[in-house]
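User: I have a chain open here and would like to talk through its fold with you. Could you take me through it step by step?

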Amino acid sequence: MNKRKSIIGAFLLASSIALAVPLAAQAAPGMGGGKGGCEASMHMGPGMDGPGRGGMMRMLKGLDLTEAQRDQIFELKHAEMPKMREQMKLMRDLKNQLREAATAENYDAARVKALTEQQSVAMATMMQSRIAGERAVYEVLTPEQRKQLQEKRAWRGDKREGMGRGMMRGGPSPDA
């Protein structure tokens, strides 16, 4: 009887894992769930979107993009990555320098001021690049897709506004 229980237990464990793996893959963006390919990789790119952000790339999900549009967006996004990577490296370096300046033996206010000004310029450059990238993607969309994008933005703005007061407004998501 004990051998039978251990076989049943092993079977239950194996079947649980077999059921959990596809669900986990589906939950991770770009890791096998969703449509994959360009659309899955568009969700997380330097400067475009990130966890918790509602940028344009995430909002493209329900717009029924053509293959040609997906290819164009893929090219635009990946052409921007080297520039963003350089800006991110600069930001990381400036942050480290500021951290060191805060704990240096002799505090140099002029150096800290210069570093924070450089950091502000780098951040502005990153934001300008991100906005230019979003605009380039927007130019790829058809008038109908642009309208759908605006509707999604309006719905999400209403939703965020309602959440700030502790309640949600509106009905179902426009991409539901």
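Analyst: Before we start, one term: a residue is called buried when its relative accessible area is under 20%. Please also keep in mind that this is a predicted model.

User: OK, so what share of the chain counts as buried?
Analyst: Of the 176 residues in the chain, 27% count as buried. The accessible surface of the chain comes to about 11900 Å², and carbon and sulfur atoms account for 59% of that surface.

User: And how many helices and strands are there?
Analyst: There are six helices and zero strands, so that, read from the N terminus on, the elements follow the order α-α-α-α-α-α.

User: Which residues make up the largest nonpolar core?
Analyst: That core has ten residues, namely Met59, Leu60, Leu63, Leu65, Ile73, Val137, Tyr138, Val140, Leu141 and Leu149. Its largest share, three residues, is supplied by helix 5, which covers residues 109-140. Apart from this core lies another one of five residues, including Leu94, Leu98, Val112 and Leu115.

User: Switching to contacts, what fraction of them join residues at least 24 apart?
Analyst: If one takes the contacts in the chain between residues at least 6 apart in sequence, 57% of them join residues at least 24 apart.

User: Now confidence: what is the average pLDDT?
Analyst: The chain averages a pLDDT of 73, with 57% of the residues scoring at least 70.

User: Where is the pLDDT below 50?
Analyst: That applies over residues 23-54, a stretch that nevertheless has 51 contacts in the model beyond near neighbours in sequence.

Key: Residues numbered from 1 in each chain as written. Predicted model: local features only at pLDDT ≥ 70, side-chain atom pairs only at ≥ 80, totals over all residues. Heavy atoms only, no water. Core = buried A, V, L, I, M, F, W, Y, C linked by side-chain atoms within 4.5 Å. Buried < 20%, exposed > 50% of the residue type's maximum accessible area, 1.4 Å probe, protein only. Helix = DSSP H or I, 4+ residues; strand = E, 2+ residues; numbered from the N terminus. Contact = heavy atoms within 4.5 Å. Areas by Shrake-Rupley, 256 points an atom, 1.4 Å probe, with all protein chains shown as cover. pLDDT = per-residue confidence, 0-100.
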